[in-house]
Amino acid sequence: MQFMPLNFLMMWLMGLLSLSILSGGIYILYEWYEGELVGRHYLIAGLVMVLWSFAGRFISLPLLRRKGVDEPKRIRSGTVQRIPRPDGSVLQVEFYGPEDGQPIILSHGWGPNSTVWYYAKRQLCDRFRVIVWDLPGLGKSSKPKNKDYSLEKYARDLEAVVAIAGDKPVILLGHSMGGMIILTFCRLFPEQLGHRVAGLILVDTTYTNPVKTSILSGLLRTLQKPLLEPLLYLTILLSPIFWLMTWLSYLNGSLHISVEISGFKGTETRGQLDFSSLLSAFASPGVLARGTLAMFNYEETRTLSTINVPVLVVCGASDIATTPPASIRMKAQLPQAELMTIKPGGHMALMEQNQWFSEAVGTFCTTCT
């Protein structure tokens, strides 16, 4: 799941609920043991609440979704380069496919890491040189020592990845915040377009503060200053506690519900839902909060008309994190763009409809070279 403003609120709510269930179960068991609560039903209720807190997903997940044939796994490549950056972070860059293939650099969104590209790596590496990287602070890329999580910092990191991609012009593919990084890259390094960069693929992303292009945008914009920003700073301060809440939500299955609502349309498999939820739980809440605060300053509307390479804009028809009108506007303002809508599909259509997604990416990349 992507750590966007709406998802962040849902994670807080699920985390508080999870902590309350565990605390309530422990309290009931303690009071029963002390004799303050009399009756076997109190013992059973307390045990159920505690057990649900640590194993609820094994009950709820089979009820939510069907088992798939090819479920995603956290697979990494043996071909790796580590790139030190001036801010103290170190980028983990992984390579798949033939060395002489057309290079495609995949930038993931904010929340998971590069293992989210499980299907794309498998389905594209027979024809292309697939390059993935972990955004600093996520996966195996270390955090910046200066705590700079701005889109400009990540765009400069992307430029460093482009520099080691080989002699052929690359295709830049970005999902969610990854697409925002690419648009920022286009503003900072316009000379790369048409020279080192042959085309762009922008997937379920936006051109402005994501609060403005999310579902319930009016409400979220109203809440940004008085509620969202204070909660994000509180998350940084209480990162270990929020991390505990997130893991409890994963173990009891409530995190899967928020991931289902915000990321999928209902055709995903059990493994895809669990995998997305697990990746959400791995990331440091403090890091995620800092990056989300940086998104509030993101604005690349004017950049769109300056991009002089072919662009494929992809969106899930039911995406609520970055709604389809954002993709429609980008397509209208980009000089050389085509729009593909995946239906059914949500914010994680790249996983839910992975075969369709990879075929579209492969076709576009072939036409760019």
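**Exercise 1. What is the order of the eight strands in the open sheet?** Work from the predicted model, and then state which strands stand at the edges.

Solution. Step 1: reading across the sheet, the strands follow the order β1-β2-β4-β3-β5-β6-β7-β8. The pairing is mixed, and the sheet is open.
Step 2: the edge positions belong to β1 (80–84) and β8 (337–342). Each has a single partner strand, so one side of each is left without a neighbour in the sheet.
Step 3: on average, neighbouring strands are turned by 20° against each other, direction ignored.

**Exercise 2. Describe the pairing of β3 with β4, then locate the helices α5 and α6 on the sheet.**

Solution. Step 1: β3 covers residues 102–107 and β4 covers residues 128–133; they pair in the parallel sense over six bridges. Within this pairing, Ile104 has Val130 of β4 as its bridge partner.
Step 2: helix α5 (residues 151–163) lies across β1, β2 (90–96), β3, β4 and β5 (170–175). Its direction is at about 145° to β4.
Step 3: helix α6 (residues 177–188) also packs on the sheet, where it touches β3, β5 and β6 (197–203). The direction of α6 makes about 135° with that of β5.

**Exercise 3. Find the backbone exceptions at Ser176, Leu216 and Pro344.**

Solution. Step 1: the background is that most residues other than glycine have a negative phi, and most peptide bonds are trans.
Step 2: Ser176 has a positive phi, near 55°, and sits in the loop between β5 and α6. Its relative accessibility is 0%, which is under the 20% cut-off, so Ser176 counts as buried.
Step 3: Leu216 has a positive phi too, near 60°. Its loop runs between β6 and α7 (217–237).
Step 4: the peptide bond joining Lys343 and Pro344 is cis, with omega about 0°. Pro344 belongs to the loop between β8 and α13 (349–352).

**Exercise 4. Which residues have the most contacts inside the largest nonpolar core?** List the neighbours of Trp117 as well.

Solution. Step 1: the largest nonpolar core has 58 residues, and those with the most contacts inside it are Trp117, Leu173, Ile201 and Phe357.
Step 2: with residues up to four places away in sequence not counted, Trp117 touches Leu106, Ser107, His108, Val132, Leu173, His175, Leu350 and Phe357.
Step 3: another core, of 47 residues, lies apart from this one; Trp133, Val197, Tyr207 and Leu334 are among its members.

**Exercise 5. Is Trp32 buried, partly exposed or exposed?** Give its contacts too.

Solution. Step 1: Trp32 is placed in helix α1 (residues 5–34).
Step 2: its relative accessibility is 32%, between the cut-offs of 20% and 50%, so Trp32 counts as partly exposed.
Step 3: leaving aside neighbours within four places in sequence, Trp32 is in contact with Leu37, Gly39, Tyr42 and Leu43.

**Exercise 6. Classify the crossing of α9 and α10 and describe their contact.**

Solution. Step 1: the axes of α9 (residues 254–263) and α10 (residues 270–282) come within 9 Å and cross at roughly 105°.
Step 2: this angle falls in the range 65 to 115 degrees, and α9 and α10 are therefore roughly perpendicular to each other.
Step 3: on the α9 side the contact is made by Leu255, His256, Val259 and Glu260, and on the α10 side by Leu273, Asp274, Ser276, Ser277, Ser280 and Ala281.
Step 4: sorted by class, the contact has four nonpolar, four polar and two charged residues.

Technical notes: Residues are numbered from 1 along each chain as its sequence is written. This is a predicted model: local features need pLDDT of at least 70, side-chain atom pairs count only at pLDDT 80 or more; totals for chains, interfaces and linings use all residues. Side-chain values use heavy atoms; hydrogens and water are left out. Two strands pair if DSSP finds at least two bridges between them. Helices (H or I, at least four residues) and strands (E, at least two) are DSSP runs, numbered from the N terminus. Axes are lines fitted to C-alpha atoms, for helices over the stretch in contact, and angles run from 0 to 180 degrees between N-to-C directions. Contact means heavy atoms within 4.5 Å. Buried means under 20% relative accessible area, exposed over 50%, partly exposed in between (1.4 Å probe, protein chains only). A nonpolar core is a set of buried Ala, Val, Leu, Ile, Met, Phe, Trp, Tyr and Cys residues joined through side-chain atoms within 4.5 Å. Angles under 35 degrees count as roughly parallel, over 145 as roughly antiparallel, 65 to 115 as roughly perpendicular and the rest as oblique. Ala, Val, Leu, Ile, Met, Phe, Trp, Tyr, Cys and Pro count as nonpolar, Asp, Glu, Lys and Arg as charged, and the others, Gly among them, as polar.
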